[in-house]
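The following exercises ask the reader to work through contacts, helices and surfaces step by step. Each task is followed by a worked solution.

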Amino acid sequence: MVEPVERRSWLALGAATAAAFMVVVDVSVVNVAFPSIQQSLGASSAALSWIVSGYSITVGSFLLLSGRLADRKGRRRMFNLGLAIFAVGSLFCGVAPQVEVLIAARVVQAMGGSLIMPSSLAMVLPEFPVSRRSAAIGMWGAMGALGAAFGPSIGALLINGLGWRWIFYVNLPIAALVFLASARLVRESRDEDAGGRLDVVGVPMGTLALALVMVAIVQGEGWGYSDERIIVFAVVGVVLLPFVILRSRSHPNPLLDLTLFNYRSFSSSTASFGLYALGFVPGFLMSSLLLQDLWGLSVLEAGLGLTPGPIMASALSIPAGRQADRWGHRWLLTVGVVLCGLSYVWLLLMAGESSAYFAVFLPANIVLGIGVGLSIATFVSAAMCDIPPSHFAIANATTRTVQQVCFALGIAVVVALFNSAPSGDLLGGFQRAWVWVIVAFAASAALIMATFPSGTASRRAR
């Protein structure tokens, strides 16, 4: 029997998804603005890369801490704080007179985004019964897919009409409206049993370890993987991680809650989501480069050409969530991930040097969209389906941290594979990258099929 949900709960979820939409759009529009920013601020290519890298590194480093704070201090409180920080960062991005100021403002934005992402979902999920949570997460994921779909197009329109600074200014009224809506619609929730101080050694150590690993991954291609800085950052970050795990096992209030991994659904879906992330964003990056660098489409044409898949994903996310609530996550995820992999098999076999958008790319993009619609939000709901409400934020943050690290690692690998092709063989570079993406999706599908528990969360909770 499907349990009813208050109208207020759906409206609160709408406010949370609007914030997620804003954050996702902000990430995707920046790449479109690079030529305008470079011309306006006289920025070098290295400085431009830090506009993206600084954001990615900061989000990946602070997600775990943000999730912990949200569960302990209040999800709505941390969400609204994140909105305020994100809005301030956006304002300083818009008025930045130099590229260095813009990079610093992007770091501020990222700190706000790291608070918004785990708390936005965690603050509304307690309003939904177990039998409806996957549908709610599907709605949250649908808005993220829409942000990915329309971000480049929205960015191009704003830049052409008002200038690049408006891709940041537009966040201010959105953040203000979401802030007011959350204050009116969302009830505060937190882990009522949380007590004592967070681990004053493990928290900074873990945050630093994640930051060093992210810097090594994200900047490896630009600085060179043999660069002394990359080697030092990678070694120190990797060495610190086991100490963080040991602290997390012994401290009553650690940065990383290892008890989450006692839930088979969480450990299975988080590991599989990491493998999925190794191929997801890297594959999307290669698709954008295929349309522009090999087939000669403009930035706006490429942005529009990429939208059918995300639109399909957005349309399917909510129905997929309902099916996960009714039948369980295991086979839905398996089918979704397999479809993602098959879309790149099609490109590997059919794409050539001559432009073939409608005959080759569009079918692959639509199949990918179906696969993403069945999988990406379902991964989040699968990870959280058996987790107690008191741990919603840290569970979401842990999954997101794995996702962010694997996104960055996957991009580094596919860029290295792409560049390893002989000079002038662009198609060969794409084919090498697609093989990596296909293998990542295949491994993800195999793991989720073999290890995720059968049945629904409601049945397991009985």
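A salt bridge is a side-chain nitrogen of Lys or Arg within 4 Å of a carboxyl oxygen of Asp or Glu. The model examined here is predicted.

**Exercise 1. Salt bridges**

Decide whether arginine 229 and aspartate 227 form a salt bridge, and classify each residue as buried or partly exposed.

Solution. The N to O distance between the two side chains is 3.0 Å. The cut-off is 4 Å, and the side chains of arginine 229 and aspartate 227 therefore meet in a salt bridge. Buried means under 20% relative accessible area. Aspartate 227, at 19%, is therefore buried, whereas arginine 229, at 42%, is partly exposed. By the rule used here, the count comes to five salt bridges.

**Exercise 2. Contacts across the sequence**

Determine which parts of the chain are tied together by the salt bridge of glutamate 127 with arginine 187, and by that of arginine 247 with aspartate 199.

Solution. Begin with glutamate 127 and arginine 187, whose side chains meet at 2.6 Å, N to O. Glutamate 127 lies in the loop between helix H4 (99-122) and helix H5 (133-161), and arginine 187 in the loop between helix H7 (171-185) and helix H8 (202-223), so this pair ties together parts that are 60 residues apart in sequence. Glutamate 127 is partly exposed at 23% relative accessible area, and arginine 187 is partly exposed at 36%.

Next, arginine 247 and aspartate 199 meet in a salt bridge at 2.5 Å, N to O. Arginine 247 belongs to helix H9 and aspartate 199 to the loop between H7 and H8, so the parts joined are 48 residues apart in sequence. Arginine 247 is partly exposed, with a relative accessible area of 28%; aspartate 199 is buried, at 2%.

**Exercise 3. The span and bend of a helix**

Compare the expected and actual span of helix H12 (residues 308-327), and locate its bend.

Solution. The expected span is 1.5 Å times one less than the number of residues. Helix H12 has 20 residues and should therefore span 28 Å; its end C-alpha atoms are 28 Å apart, which agrees. H12 nevertheless bends by about 35 degrees at serine 317, and proline 319 follows within four residues. Among the buried residues of H12 are Ser317, Ala313 and Ala320. After H12 comes glycine 328, with a positive phi near 105 degrees.

**Exercise 4. Aromatic pairs**

Classify the ring pairs phenylalanine 261 with phenylalanine 266 and tyrosine 276 with phenylalanine 441.

Solution. The structure holds 17 aromatic pairs. Phenylalanine 261 and phenylalanine 266 have ring centres 5.2 Å apart and planes at 75 degrees, an edge-to-face arrangement. Phenylalanine 261 is partly exposed at 34% relative accessible area, while phenylalanine 266 is buried at 0%.

For tyrosine 276 and phenylalanine 441, the centres are 5.2 Å apart and the planes stand at 70 degrees, so this pair is also edge-to-face. Tyrosine 276 is in helix H10 (residues 264-294) and phenylalanine 441 in helix H16 (residues 426-451), 165 residues apart. Both residues are buried. They belong to one aromatic cluster, including Phe273, Phe280 and Phe379.

**Exercise 5. A surface patch**

Identify which residues form a nonpolar patch on the surface, and place valine 235 within the fold.

Solution. The patch consists of Ile231, Val235, Val239, Phe243 and Leu246, with about 460 Å² of accessible area together. Valine 235 lies in helix H9 (residues 228-250) and is partly exposed, with a relative accessible area of 48%.

How values were computed
Residues numbered from 1 in each chain as written. Predicted model: local features only at pLDDT ≥ 70, side-chain atom pairs only at ≥ 80, totals over all residues. Heavy atoms only, no water. Patch = residues over 30% accessible without salt bridge, like charges linked within 9 Å, V, L, I, M, F, W, Y side chains within 5 Å. Areas by Shrake-Rupley, 256 points an atom, 1.4 Å probe, with all protein chains shown as cover. Helix = DSSP H or I, 4+ residues; strand = E, 2+ residues; numbered from the N terminus. Buried < 20%, exposed > 50% of the residue type's maximum accessible area, 1.4 Å probe, protein only. Bend = angle between axes of the 7 residues up to and from the residue. Phe/Tyr/Trp six-rings, centres within 6.5 Å; stacked < 30°, edge-to-face > 60°.
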